[in-house]
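User: I am new to this structure and would like to learn how to read its features one at a time. Could you take me through it slowly, giving the idea before the case?

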Amino acid sequence: MNAAVPPAPEGLTSQDFPVHWPVLTRWADNDMFGHLNNAVYYQLFDTAINGWIAANAPDVDPVGMPELGVVAESGCRFLGELAFPDRLAVGLAVTRLGRSSVTYRLAVFRAPDKEADPAPPAALGHWVHVYVDRNTRRPVPIPDGIRALLATAQV
C-alpha cells in the first residue's frame, strides 16, 4: 500500500458522506478505453469541494479574499468504471479540520435512483487544502465562514 494514500474504511457507501454534489459526465471525459479518464476524477473532486463552499458560504469571495486554499496533497483509488453519459455524485466528508488545513475524504458514485439508496463508490479520494496568505504564501488560519461550513461535514 502506498503510504501517501490514507487507508479507507471498508464498506463505505454514499450514505457515509454528509455532502453529495451532483455532476454530469461529458462526452470528452471518456478516454480511448471508453471510460472516464483518471484526470477527470480530480476535476470532479475539485469542482465538488469548491462548488460546495461557494454555494454554502456566500460571504466567501475566492477571488478577492486574502486567503487561498491550495491543494497540498491529493490521491485517488479507482474501484470501478464510469463513463459518459453516467449521472454522478461526488461524496464529500471532512476527516480532519486543523488550524490552517482541512483533509477531505471524497468518493465518486453513480447517482442513485433514490437518495436513500446506498451506492458503492467507483473511486475514493483524499484531498488536503492548506490555507495560505495570498501574498506571502505562508499558512494562515482557515477563514471563519469556511471553517463553520467544513465543520458541518466532519465525520
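User: Let us begin with a single residue: in which strand does Ser101 lie?

Analyst: Please keep in mind throughout that this is a predicted model. To place a residue, we look for the helix or strand whose residue range contains its number, and for Ser101 that element is strand β4, which covers residues 101-110.

User: Is Ser101 buried or exposed?

Analyst: A residue counts as buried when its relative accessible area is under 20%. Ser101 has a relative accessibility of 13%, and therefore it counts as buried.

User: Which residues is Ser101 in contact with, once its neighbours within four places in sequence are left aside?

Analyst: Setting those neighbours aside leaves the contacts that the fold brings about rather than the chain itself, and here they are Arg96, Val128, His129, Val130 and Ile142. With Arg96 there is also a polar contact between the two side chains, at 3.0 Å.

User: How many bridges join β4 to β5, and in what sense do the two strands run?

Analyst: Pairing is read from the bridges between two strands and from their relative direction; β4 and β5 are joined by 8 bridges and run antiparallel. One place to see this is Ala107, whose bridge partner in β5 is Leu124.

User: Which residue stands opposite Leu124 on the β2 side?

Analyst: That residue is Arg77, which stands opposite Leu124 in β5. Strand β2, made of residues 67-78, pairs with β5 over 11 bridges, again in the antiparallel sense.

User: Why is β5 described as largely enclosed by the rest of the structure?

Analyst: Here we apply the burial test to a whole element: strand β5 spans residues 123-133, and 10 of its 11 residues are buried, so the rest of the structure largely encloses it. His126, which has its place in β5, is an example, since its relative accessibility of 6% makes it count as buried. The side chain of His126 also makes a polar contact of 2.9 Å with the side chain of Glu73.

User: Which residues touch the most other members of the largest nonpolar core?

Analyst: A core is read by asking which of its members are in touch with many others, and in this core of 33 residues the answer is Ile53, Tyr104 and Val108. The elements that each supply at least two of its residues are β1 (19-24), α1 (38-56), β3 (87-97), β4, β5 and α2 (144-151). Helix α1 gives the most, with 8 residues. Apart from this core there is a second, separate one of 7 residues, which includes Leu12, Phe17, Ala93 and Ala107.

User: What is Tyr104 in contact with, leaving aside its neighbours within four places in sequence?

Analyst: Its contacts include Ile49, Ile53, Leu92, Trp127 and Leu150, and also His126 and His129.

User: How far apart in space are Tyr41 and Gly75, which are 34 residues apart in sequence?

Analyst: Separation along the chain and separation in space are distinct readings, and for Tyr41 and Gly75 the C-alpha to C-alpha distance is 9.8 Å. Tyr41 lies in helix α1 and is buried, with a relative accessible area of 3%. Beyond its neighbours within four places in sequence, the contacts of Tyr41 include Cys76, Phe78, Val108 and Ala123.

User: And how far apart in space are Met65 and Asp31, C-alpha to C-alpha?

Analyst: Met65 and Asp31 are also 34 residues apart in sequence, yet they are 37 Å apart in space. Met65 sits in the loop between α1 and β2, and a relative accessible area of 11% makes it buried. With neighbours within four places set aside, Met65 is in contact with Val60, Arg134, Pro143 and Ile146.

User: Finally, in what order do the elements of the protein run?

Analyst: There are 2 helices and 5 strands, and from the N terminus on the order is β-α-β-β-β-β-α. The radius of gyration is 16 Å, close to the 15 Å that the globule rule gives for 155 residues, so the protein is as compact as a globular protein of that length. Of those 155 residues, 41% count as buried. Among contacts between residues at least 6 apart in sequence, 75% join residues at least 24 apart.

Notes:
Residues numbered from 1 in each chain as written. Predicted model: local features only at pLDDT ≥ 70, side-chain atom pairs only at ≥ 80, totals over all residues. Heavy atoms only, no water. Helix = DSSP H or I, 4+ residues; strand = E, 2+ residues; numbered from the N terminus. Buried < 20%, exposed > 50% of the residue type's maximum accessible area, 1.4 Å probe, protein only. Polar contact = N/O pair within 3.5 Å; in protein donor to acceptor, adjacent residues only side chain to side chain. Contact = heavy atoms within 4.5 Å. Pairing = 2+ DSSP bridges. Core = buried A, V, L, I, M, F, W, Y, C linked by side-chain atoms within 4.5 Å. Rg over C-alpha atoms; globule rule 2.2 N^0.38 Å.
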